[in-house]
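Welcome! Open the structure in your viewer and keep the selection tool at hand. We will go from stop to stop, picking out a few residues each time.

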Amino acid sequence: SLQAVIFDLDGVIADTAVVHRAAWEQLAHDIGAPFDEHIAERMKGVDRRGSLEILLERAPHAYSEREKRVLEDRKNSYYVAQIECFGPDQLLRGARSAVESVRDAGLRTGLASASRNAPLLLDRLGIAELFDYVVDASRITHSKPHPEIFLAAATGLGVAPETCLGVEDAAAGVDSILAAGMRAVGVGDATVLARAEDILVGIEAFDIQRYISGQPNDRE
Ligand code: BG6
Ligand code: MG
């Protein structure tokens with residue numbers, strides 16, 4: 001039976017998917033690399049270096065390791081400049097009550113964010129105390145869609161992966177959840193997140209009772 005729900009942060013709890021995207025788009029512009037919807041979607045949920053590698057696939061020339069670090073730092077400075085003035089208003093609508101509903105149902109709550117800015121963001125949003133366990137992204141070696149981060153969350157919560165439900169807005173995230181042997185709920189675009197057992201238009205629509213009462217939804 002269901003023991004825990006593990007949430008992604010950017011684009012599920014916090015209104016930051018757009019901020020990451022804008023920062024990458026700015027960097028793409030800086031270096032003369034193309035940027036479009038498809039690239040943006042592929043980058044979602046993927047860690048900093050993985051995202052940079054996607055951007056550089058079509059860059060005008062190759063970059064050394066040292067240059068890549070400079071580019072990552074630049075993107076991060078664009079991102080952090082926005083996050084610094086964040087507060088509880090940047091929580092996505094319904095996010096706090098979704099996490100609280102899991103706790104009220106007697107289940108454990110975890111956070112599996114690939115972002116090294118997650119601790120800063122949780123603090124700014126004022127929701128750090130809602131999670132029983134937060135994965136430290138700096139200790140994860142394999143980016144989503146690898147299952148490592150969701151498995152680390154389950155271990156930290158002290159529960160078996162099969163008893164967990166993961167909630168994600170990115171295709172790479174849904175794949176990570178499924179590869180970890182967990183049930184997956186997608187938040188956002190149904191075509192992108194098609195492998196999830198259930199897809200919500202927003203976290204506001206999250207109803208924990210649907211998943212407790214058992215069987216994965218049959219979607220037509
Ligand atoms: C993920 C975001 O949560 O974190 C990605 O979906 C981002 O867009 C990744 O690239 C890494 O974030 P950071 O803050 O460590 O650069
Ligand atoms: Mg996300």
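**First stop: around the ligand**

Select ligand 1 and the 17 residues around it; D10, H20, R48, S115 and R116 come nearest. Keep in mind as you look that this is a predicted model. Now try colouring the shell around ligand 1 by residue class: you should find 5 nonpolar, 7 polar and 5 charged residues.

**Second stop: two helices**

R48 is a good place to move on from, as this residue, one of those nearest ligand 1, also takes part in the contact between helices α3 and α4. Select α3 (residues 48-56) and α4 (residues 65-83), whose axes come within 10 Å and cross at roughly 105 degrees. Angles from 65 to 115 degrees count as roughly perpendicular, so that is how α3 and α4 lie to each other. To see where they touch, show R48, R49 and L52 of α3 together with K68, L71, E72 and N76 of α4. By class, this contact of α3 with α4 has 4 charged, 2 nonpolar and 1 polar residues.

**Third stop: the sheet**

Next, switch to a cartoon view and look for the open sheet of 6 strands. Its order is β3-β2-β1-β4-β5-β6, with parallel pairing. Which strands stand at the edges? They are β3 (133-134) and β6 (198-200); each has a single partner strand, so one side of each is left without a neighbour in the sheet.

Finish by selecting β1 (residues 4-7) and β4 (residues 164-168), which run parallel and are joined by 4 bridges. Zoom in on V5, and opposite this residue you will find L165 in β4.

Key:
Residues are numbered from 1 along each chain as its sequence is written. Chains are lettered from A and ligands numbered from 1 in the order in which they are written. This is a predicted model: local features need pLDDT of at least 70, side-chain atom pairs count only at pLDDT 80 or more; totals for chains, interfaces and linings use all residues. Two strands pair if DSSP finds at least two bridges between them. Axes are lines fitted to C-alpha atoms, for helices over the stretch in contact, and angles run from 0 to 180 degrees between N-to-C directions. Angles under 35 degrees count as roughly parallel, over 145 as roughly antiparallel, 65 to 115 as roughly perpendicular and the rest as oblique. Two residues are in contact if their C-beta atoms, placed from the backbone, lie within 7 Å. Ala, Val, Leu, Ile, Met, Phe, Trp, Tyr, Cys and Pro count as nonpolar, Asp, Glu, Lys and Arg as charged, and the others, Gly among them, as polar. A residue is near a molecule or strand if its C-beta atom, placed from the backbone, lies within 6 Å of it.
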